[in-house]
Each structure stands twice: as structure tokens, then as C-alpha cells.
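This report describes a predicted model. It takes up strand pairing, one chain's overall make-up, the interface between the chains and a single lysine.

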Amino acid sequence: MADAIEDHGTSLWKDAWIKLSKNRLALFGLAVLIMLIATSLLTPLIAPYGYETQNLNMGATAPSLQHWLGTDIFGRDMLTRIMYGGRVSLMVGFIATAVALVIGILWGAIAGFFGGRLDAIMMRIVDVLYALPFMIFIILLMVVFGRNILLLFLAIGAVEWLTMARIVRSQVMALRNQEFVEAANSLGLSQWTIIRRHIIPNTLGPVIVYTTLTIPSVMLLEAFLSFLGLGIQPPESSWGLLINYGVETMEEFPWLLIFPGIALSLTLFALNFLGDGLRDALDPRTSKD
Amino acid sequence: MAILEVNGLKVYFHTRNGVVKAVDDVSFSVDRGETLAIVGESGSGKSVTCYSLLDLLPKPPARIEGGTALFDGKDLLACSASEMRQHRCNDIAVIFQDPMTSLNPFLTIGEQLIEPLIYHPDRSQIQTRVEAKRTAVALLDEVGIIDSHARFDCYPHEFSGGMRQRVMIAMALITEPKLLICDEPTTALDVTIQAQILRLIKKLQETRNVAVIFISHDLGVVAGIADKVLVMCDGTIRETGGTDDLFYRTQNEYTKKLLAAIPEGAKTLPHRAKSDEILIEVTHLKTYFRNQLNTNNSEENRYIKAVDDVSLEIARGEILGLVGESGSGKSTLGRSILQLAPTTEGSVKFSGQTLTGLTAKQLVPWRRKMQMIFQDPYASLNPRMTVFETLSEPLLYHGIATWTTIASQVKQLMDDVGLSQAQLRKYPHEFSGGQRQRIAIGRAIATKPEFIIADEPVSALDVTIQAQILDLILELVERHNLTMMFISHDLSVVRYISDRVVIMNRGVIVEQGDTETLWAAPKEAYTKELLAAIPLADPAAERKRIANI
């Protein structure tokens, strides 16, 4: 049995992990992301101040020993606000993207694989949702269900999956007629097994690239919605919101823009490194060394 | 005097994994009106040799490391980019392998034909559109395009493969080149079309007195067309000489191996005791596809009749060869029998059980009894699954193996198809074409099927590899007592492997019979034409054959 398990040894995912662990940049990206996520999770315990704690007398001060990243115009500690903001931003980024990823891949794979009338119906639904004005959609949701951060994730995810579905569908349509899919058919494999084992793994390249692009765009979308008053409201914060306020006071208090900006950029860099690494790792055609 | 004289040509590819000597110290010469054939298997450097003369190689990674190529006394390798353009425009033309991709689909063929005349780099030679069109139409006539004046304004997709290759030839000749390089010009074509194109090239060469370099892997084609032959392997010349010398009196081991690998003559294995049991029974099978292009046409044109009323029987233990040209419906028939393509009418019975009309679920137990081997070993394996996963999938899915026995069963399969067990963890791209086809065969026999359809299993492979795979298939058929339908366009291969042959054309069966009986005395005109078009790897016989057509 032990021998058998060892013999089964390698699969795409195991090989991918081995390759990823040899890719320094990707590991660096992964480490940064883990650090950011850990910090966000522990924020209520380790934050130096409360996120609402104001000190109106002090106002905006430059970085100092008490306030490492300075304070904003209400005298609130920027480090604390960035840490709390990271919780919201990362959550929006990952949850909304995960929603988009799951719905988009399944929707696109099913439409592309079965084709015909089912494909036509499924893609027309996508078209209709595309045509729906995004803002009105969100405002409606907010009006009907009340402002709720989870709803915000869902709403963003519900819009972002459309593009994912189209990308996956076009990939799948090209794969569907490949001989290895026909071989799987002639083995009598069920359609779902074929989609899961033969189709989806082969669409991963473009999906990963698109995912690493989606996460930052979702974070910025949240900032935009918050700016319009549809998302997070002060005194709560998110990176997007902090950057928006930072832009207003850029000339007098540049640190209000710079630090949240660095936090966002760091995340994006880390994501891109990791995404590139993943894409290479999941393609067996790139060498193992 | 030789029009082209190549001396000590060296082309190396500088890749991340080291230097690949694609062409290493190659020398040859071609005279006017002479045909030099360069023969070799894939990766032998035959195409690289010719492309380097025209500066058509991607640089990097390619680099010309040495040698000269004197064309009319001027060194092609040393000339500047603009001189090279002059040469390409005036003196040297190329015909590529695939006529489907070497024409621009967005321009009419006329526009593409006259391009070199009206945009000539030498301003004094620029022709007006009217003059250029006159030249082009005359040339289209010469290469055998009927109604050339009207066809001048057609787009490439309106031509068949053979017609496109004729257009390509016209394009190559329009600047009156002194040297014509043909890179496998007939490999993508059907055998009867191939015969026509070869005759055309030969005729044009004689009337125009051009020198031809003919790159090919097919010794039969070479036998008929070449004056001199150059055999290449691994970037070096293995042998060079007159066609007759090379075919009849070669001393070179590699050339002998190539010649020996050509499937020729009758089946070598004895016929097995044919059982009387009918395993596969196809009655009045029809597979129609909706015609996407002509939607508003009559009832008649509404469907493409890929398989039109075909009935045949395959006895247990028999190898049935199914022969036809592209578009004859042979692959669709195979897929219809396996219920991989939806059938329109008629029935398929597998040892008495009717398969047509069964649902996908009902078919599952039958699927493991009939398997398929596909043509393209590069497309038929999932690139993201290791060999182990590919081979274990059917075993586990059909419950033939459990997690405890799977390792030994997969190893057994690897042994069966002649692959080393150390390669189980590799991905398909790490294998050569022949090895990939072995993996695909392993997958097909994994479920211990009774019936296998092999759809052109060797046509994407080099000739020496082809012989090995054919022998492997015969061996497995013998050992596992398989019944097989062997689909191919290559008549020599079919004759080598099959007990009985079915000839298909335009969706219907033209003729069927025992292989040797049919070869000796074909009844139908189409079969005769097909048999007459096979190139023979015997220069004297091949010249006689061409002269007789």
C-alpha cells in the first residue's frame, strides 16, 4: 500500500507545488500575502490604537515614534487605520474574486462544453447581465437589502464572473474538440468527470492571469463604491477609501496617501508574482528546474 | 554550372538547454533543370537547411555558424537584408507544406499572386495591375486552375486543398525564379491529388528549366521526382547520390533502414483463424451533419452526408482496413460505430447488442469493450496529466483496478506498449511522437477491449517510427485477440496490416474484399485510380507509373 501510494506520486498539483517552491519571486509573493492576511486577522489584538480613536487637538501629524505612520486630520493613527482597512480590502478582494471564479469557471465550462442551445441560453444571460448598469444594480441591492458588507462582496462578485465565464467558455470550446477529450468520451467517462479532469485544468493559464488582474480591480471597485457612499463608511476604513481621502490632502499631508498606497501596491505586487509563479507551475511544459 | 552551391553549412540553435546543431557541415549543389531531393525524418535538419539559405529562420535562437551558399556566384549567407529581399523576390521561391495556412484568408488569391509584381523592391520592374493580372491569369491556366479569369477574384477558402497548392505553385513561379524550394508540398494532400501536383511540378520544371530542391520524408514521392538525393539525419548528411544509385545500391546503414521501414507488400503475419462470429454489424448507417453554410438551400443540400447508408460486418479477430481520401467519411464512420458521433439512421450492433439509441449511461459498460486510437499523438493526450494518470484513469473508472493494484497494473501496461516504467511520472510533452502514440495505445488497451478502432494511428509519425508502431499494433492484436478497424489514407500501410479492406468515397462504400484479392484485381474505377496513385519507393517503377498516368 505504501508502495502504491508512492507510485501514484506525482499529479499536476503536487508537481505545481514543487515547482512553485523553487520559484523565489512566487514564494516571496506568497509570504507577503500570508503576512498581510495574518496581520488582518490579528488586527483587533495587535493594533496600537482603536480605529475610531480620535484626537482632534492633534490633527494630522507626520510619522513619529507614537504614530509610526502618522495620523489623519482627525488625529486617528494611520497604522491602525491601514490595518483595519486591510481587513476590508483583502476580504473584498478575495471573497468577491472567489465568487467570480467559482461561478465563472463553472458557467463558462458548462456552456462551452455542451454548446448548442444550452450555450446560447447561458451566454444570453451573461449578455443581459453585462448590459445591466452596474451602479443601478448595486444601488438596488443596497436599497432592497440594506447596506451590508457581505452583500457588497456578492454584488461585486456577481458582476466580475461575467468576464471570467466568457474567457473560460472560449477556452473550453477550443478544448472540447481535442482528441484527448474524445478519448475520454470513448472511455465512457461521465461528462462531469471530463469537465473536471480534462477540461478545467487546461483552462487554468488564462484563468490565473485574469484572477490576478481581478483582485486589484475589485479592491478599487470597492473604494469607488465606498466613495459614493455605497460601501464602507467612515469611521470604518478600507485601503481604497484611505487612498481616496489621501488624494484630497495629498499636498499638505502626503503620508495619508503614500502609506495606504504602499499597502495596496505591495499586495498587488505579491499577487502578480504569485500569479505568474502559479501559471508557470501549473503548466507542465515549463521545466521543473 | 551549378546554380546553387552550398559548402559546409552550419546552423546551430542556441537554446536554454544548450546548443542544438540543427545543420552540421552540409554541402550540396543543384544545377539548372535538376531536382535535388532532401530526405530525412523530422528533426533531421532538412527544412532548416533550406530556410537558412533564404534567411527565413528565427534569429535568435538560430545562428549560422559557418559555410557558404553560392547562388549564381553570390554568397546568400553574406548578403544584406535588402539583397536577400531581391533574391527572394526574383530568384528563389518556396512552396510550403500546408496550403491551408500559407495563403492569407483575407485577400483574394489574385491579390496575393500579383503582390510581388506590383510591390517589387526594384522600382524599374514594377508592373501595373493590368499587366500583372494578365501574367497571373496565364500562370493560373498553366497550373491547371479552370476558369482562371473568374477564379482570380476568389478567396482561398473557396478552393480545395489541391487547388490551393496549385495556387501556391503559381505564386512561387510568378517571378520566374531560378530555384524553387518545395517543402513537403504534397504531404497534406490526398494521394490522387498528390500525384497530380507532383506531375505539375515536374512539368513546370521541364518547361522553365528551374532548379528544384524537394524536401520530403516520403521515399516513394522522391523516387519518382528526384535526380539526386541527399539523405539527412540529425543535421548531417548520411548519403548523397543519384536516385538510382541510392535506391538500388546504397551501402549506407541509415538509408537501408529508411528503405526497409517502408511498408510494402502484403501482410507479413499469417492470417489468424478467422472466427465465424460477427462482432460488429453495421446496417444502413447514416450520419448526417447540418450544413452550416447553405441554410437557405434545398432539402438536398441541407445536410452533409458524411456517412450515407453504409453496411458492413467485422468478424471477431479480423483486422479491417478502411481506406478513403479526406472527406470520404471514414473517420465519421469510425466515430459513429463507437457512438462518439450521433448517428442519423441505421444501426450498429456489437456482438448482438444494438448500440444505436442507447443513452450515455447505458453505453458505459460497452465503452470499455471498444476503444479508439487517434491520429495525432500530440492532441490525444491531456497535456496536464502524467502518463500514470492517463493510464490509470480508465482502469480506476471502470473498476478494473483498485488503489492497491493500480501501480502494478499500470506498469504492466507500460511493459505491453514497450515503455520504461521510469517514465510514469512524465508529462506527454516530454515524449517523442512515437512514444506518445505508445501511451495512447496503452490507454486504449487498458480496459481490455475486444474491438479497437485505430484512426490513422501512424500518419503523423516518421517512417521508421511508423514501422515500429505498426508492429506493436500487430503484436497486441495477436496477444490480446483483438478485433480492429484500421482507418487510413495510406494504402501501403493498410495493405501491410489488414486482412480485409473497405474503400470509401463520399460517404459510401465503393468496394470491399480480402486485401490481396482487391489489390490484385480491383473492380471499381475509383479503387483502380487510388491504387495507381500510390508512389512506389522504386525509381524505375515509379517513373514508369508516372509516365502511364
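**Strand S13 and its neighbours**

Strand S13 of chain B runs parallel to strand S18 (residues 483-488) of chain B, and the two are paired over five bridges. Within this pairing, B:Leu320 lies opposite B:Met485 of S18(B). S13(B) is also joined to strand S19 (residues 500-505) of chain B, again in parallel, by four bridges. B:Leu320 has a counterpart in S19(B) as well, namely B:Arg500.

The table lists three strand pairings of chain B.

| Strand pair | Sense | Bridges | Opposed residues |
|---|---|---|---|
| S13(B) and S18(B) | parallel | five | B:Leu320 and B:Met485 |
| S13(B) and S19(B) | parallel | four | B:Leu320 and B:Arg500 |
| S11(B) and S14(B) | antiparallel | five | B:Lys286 and B:Glu345 |

Is S13(B) enclosed or left open by the rest of the structure? S13(B) spans residues 319-323, and five of its five residues are buried, so the strand is largely enclosed by the rest of the structure. Its two faces are both covered: B:Ile319, B:Gly321 and B:Val323 are buried on one side, and B:Leu320 and B:Leu322 are buried on the other.

**The antiparallel sheet of chain B**

Chain B also holds an open sheet of four strands in the order S12-S11-S14-S15, with antiparallel pairing. Strand S12 (303-315) and strand S15 (353-354) are at the edges; each has a single partner strand, so one side of each lacks a neighbour in the sheet. Strand S11 (residues 278-290) and strand S14 (residues 345-350) of chain B are linked in the antiparallel sense by five bridges. In S14(B), B:Glu345 is the bridge partner of B:Lys286.

**Chain A**

Chain A contains twelve helices and zero strands. Of its 289 residues, 48% are buried. Its C-alpha atoms fill a box of roughly 75 × 50 × 35 Å along the principal axes. Among contacts in chain A with a separation of 6 or more, 71% are between residues 24 or more positions apart.

**The interface of chains A and B**

The size of an interface is often given as the accessible area lost when the parts come together. Between chain A and chain B the buried area is about 3100 Å², and carbon and sulfur atoms give 54% of this area. On chain A 33 residues are in contact with 34 residues of chain B.

How many salt bridges cross this interface? The rule finds two between chain A and chain B. B:Glu393 forms a salt bridge with A:Arg197, with the closest N and O atoms 2.5 Å apart. Polar contacts between the chains amount to 15 residue pairs, counted with both residues at pLDDT 80 or more.

On the side of chain A that touches chain B, at least two residues each come from helix H1 (2-8), helix H2 (12-20), helix H8 (179-186), helix H9 (191-199) and helix H10 (204-227) of chain A. H8(A) gives the largest share, six residues. By type, the residues on this side of chain A are eleven nonpolar, 13 polar and nine charged.

**B:Lys528**

B:Lys528 lies in helix H19 (residues 525-532) of chain B. Its relative accessible area is 44%, so B:Lys528 is partly exposed. Leaving aside residues up to four places away in sequence, B:Lys528 touches B:Pro522 and B:Lys523. B:Leu518 is ten residues from B:Lys528 along the chain, and their C-alpha atoms are separated by 9.7 Å.

Conventions
Residues numbered from 1 in each chain as written. Chains lettered and ligands numbered in written order. Predicted model: local features only at pLDDT ≥ 70, side-chain atom pairs only at ≥ 80, totals over all residues. Heavy atoms only, no water. Buried < 20%, exposed > 50% of the residue type's maximum accessible area, 1.4 Å probe, protein only. Contact = heavy atoms within 4.5 Å. Buried area = accessible area lost by both parts, 1.4 Å probe. Salt bridge = Lys/Arg side-chain N within 4 Å of Asp/Glu carboxyl O. Polar contact = N/O pair within 3.5 Å; in protein donor to acceptor, adjacent residues only side chain to side chain. Nonpolar A, V, L, I, M, F, W, Y, C, P; charged D, E, K, R; others polar. Pairing = 2+ DSSP bridges.
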